[in-house]
Amino acid sequence: MEKFRLRDVSLWYNDFKALKDITMDIVSGEVTAFIGPSGCGKSTLLKSFNRMNDLVEGCKITGSIQLDGQDIYKDPNINGLRKRVGMVFQKPNPFPMSIYDNVAFGPRTHGVKSRLVLDELVEKALRDAAVWEETKDRLKKSALSLSGGQQQRLCIARALAVEPQALLMDEPTSALDPISTSKIEELVTQLKERYTIVIVTHNMQQATRISDKTAFFLLGELVEYGKTEQVFSLPRDKRCEDYITGRFG
Amino acid sequence: MMRTRFDRQLETLNTMLIEMGAQTERAIALSIQALKEQNVKLARQAIACEREVDQTEKEIETLCLRLLLQQQPVAGDLRLISAALKMITDMERIGDQAADIAEISIHLSQEPYIKKLEHIPQMAQATVKMVTESIDAFVHRDLALAREVVDYDDVVDGLFDAVKNDLIALIGADSANGIQAIDLIMVAKYLERIGDHAVNIAQWVAFSITGTHDGGEEAD
């Protein structure tokens, strides 16, 4: 079943048209990878899924993006949207507070006050993000004392703590070493059963390893979208083949 | 065009495959010429040629594994390199079978033939054509030519039946012909298998172009 339903989505930053008539469906229970050269619009589109672009001055969006059949740009409850659609960024960005408080931050913002409930939510989120064993004995320590890979999994835990339905990941492993990268990839594969995951990546092998579908963007257009195996073995579009085989330019 | 180093390596792979194809063709041609002329020296050259084929196979295999490791190819590049890896296994088997024919020709070099060799050289010619064209199809990304090679196997199979029928008749006429007839049917069978290997090569060529392997059972 489709989680996100996009119809003729165009986006401008002032006069610059960054996305051009994107129409696509993103299915729940799958990992969808967005690939394409820098500046192709993939991160812009990702940010449109939880209205992160609203904060950008001069940004205008047309067309419709539906989440579970409801147009997210017609719903004034942006906090509610961001609770349902979490985001993880390229560089781990833990808050300068304890590990526990980082994870509890979201639920507290959404009104959870009970210590017992918070304890449960924090443990569950840290377990789901595969970082519980490494942090359970130091929950009161600063999140900044964790390694880069642990910080990124903590950020995933923070996103999961508000029990979202979808998770947006913008190059989540580009700043991590191979071991941390494989832990995140493993995690994504486990999480996809419960969350709709969209990941922007510049790592083609990563896209082939973890995604079910791949979308290739170029100059703001969705050029090719299909099953990852098809896109990486027999791409339909010459521009897509040139890009994934490293001959773009 | 980026990835010029990778493209140069793929060009080297093409050149090496052409070379290996030429070596297998030479091995077949020499072994059959040795058989026809009952020439032991030519037979030994065919056997030496088979060793070159083995050596080239190892070099191509090393190059392909290096390309997989360093370039992590996808799409057309991945199909091309994986097809090359499969093709060289069949070419190596062709080399082995040409050497087997050369061994038989040494064994038969001292005795008169029970019949003038007619269909066997034709079979050899047909298989050399199949090998050449399958490699050409790979290098020029020529799907139609690859499919022609697959179809041409019927010619080789037809010639094999002709050889078999001739030899059955000769054994029927004089059972003493049976000893040599067994050697000759082995030669024909090796050539028939070479045709099957050429079909395998052509099917991998087609795969490298279309992404679909439409072959049935492969020769082992």
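**Exercise 1. Strand S3 of chain A**

Determine whether strand S3 (residues 31-35) of chain A is enclosed by the rest of the structure or left open.

*Solution.* The model is predicted, and the burial of each residue is taken from its C-beta neighbours. A residue is buried if 20 or more other C-beta atoms lie within 10 Å of its own. By this criterion five of the five residues of S3(A) are buried, so the strand is largely enclosed by the rest of the structure.

The next step is to separate the two faces. In a regular strand the side chains alternate between the two faces of the sheet. On one side of S3(A) lie A:Val31, A:Ala33 and A:Ile35, and on the other A:Thr32 and A:Phe34; these are all buried, and both faces are thus covered.

The last step concerns the strands joined to S3(A). Four bridges link S3(A) with strand S8 (residues 196-200) of chain A in a parallel arrangement, and A:Val31 stands opposite A:Ile197 there. Strand S9 (residues 213-218) of chain A also runs parallel to S3(A) and is joined to it by four bridges; here A:Ile35 stands opposite A:Phe216.

**Exercise 2. The six-stranded sheet of chain A**

Establish the strand order of the open sheet of six strands in chain A, and state which strands form its edges.

*Solution.* The order is S6-S7-S8-S3-S9-S10, and the pairing is mixed. Strand S6 (85-88) and strand S10 (221-227) of chain A are the edge strands, since each pairs on one side only. Neighbouring strands of this sheet are turned against each other by 15 degrees on average, direction ignored.

Within the sheet, strand S7 (residues 166-170) of chain A runs parallel to S8(A), with five bridges between them. A:Asp170 stands opposite A:Val200 in S8(A). Helix H6 (residues 148-160) of chain A packs on the sheet and touches S6 and S7 of chain A; its direction makes about 170 degrees with that of S6(A).

**Exercise 3. The four-stranded sheet of chain A**

Identify the strands of the open sheet of four strands in chain A that have a single partner strand.

*Solution.* The strands are ordered S2-S1-S4-S5, with antiparallel pairing. Strand S2 (16-27) and strand S5 (70-71) of chain A stand at the edges with a single partner strand each, so one side of each has no neighbour in the sheet. For S5(A), two bridges connect strand S4 (residues 59-67) of chain A to it, and the two run antiparallel. A:Gln66 has A:Asp71 in S5(A) as its bridge partner.

**Exercise 4. Helices H4 and H5 of chain B**

Describe how helix H4 (residues 119-139) and helix H5 (residues 143-173) of chain B are arranged.

*Solution.* Two packed helices are described by the angle between their axes and the distance between the axes. The axes of H4(B) and H5(B) come within 9 Å and cross at roughly 170 degrees. Angles over 145 degrees count as roughly antiparallel, and the two helices are therefore roughly antiparallel to each other. Their crossing is left-handed. By class, the contact has 15 nonpolar, four polar and three charged residues. Among them are B:Met123 and B:Met130 of H4(B), and B:Leu159 and B:Phe160 of H5(B).

**Exercise 5. B:Gln33 and the contact between chains**

Classify the exposure of B:Gln33, and give the residue count of the contact between chains A and B.

*Solution.* B:Gln33 belongs to helix H1 (residues 4-37) of chain B. With 18 other C-beta atoms within 10 Å, B:Gln33 is partly exposed. Its C-alpha atom is separated by 9.6 Å from that of B:Ala124, 91 residues apart along the chain. The contact between the chains takes 11 residues from chain B and 13 residues from chain A. On the side of chain B there are six nonpolar, three polar and two charged residues.

Note on methods. Residues numbered from 1 in each chain as written. Chains lettered and ligands numbered in written order. Predicted model: local features only at pLDDT ≥ 70, side-chain atom pairs only at ≥ 80, totals over all residues. Contact = placed C-beta atoms within 7 Å. Nonpolar A, V, L, I, M, F, W, Y, C, P; charged D, E, K, R; others polar. Buried ≥ 20, exposed ≤ 12 C-beta atoms within 10 Å, placed from the backbone. Pairing = 2+ DSSP bridges. Axes fitted to C-alpha atoms, helices over the stretch in contact; angles between N-to-C directions. Parallel < 35°, antiparallel > 145°, perpendicular 65-115°, else oblique. Left-handed = near helix turned anticlockwise from the far one by under 90°.
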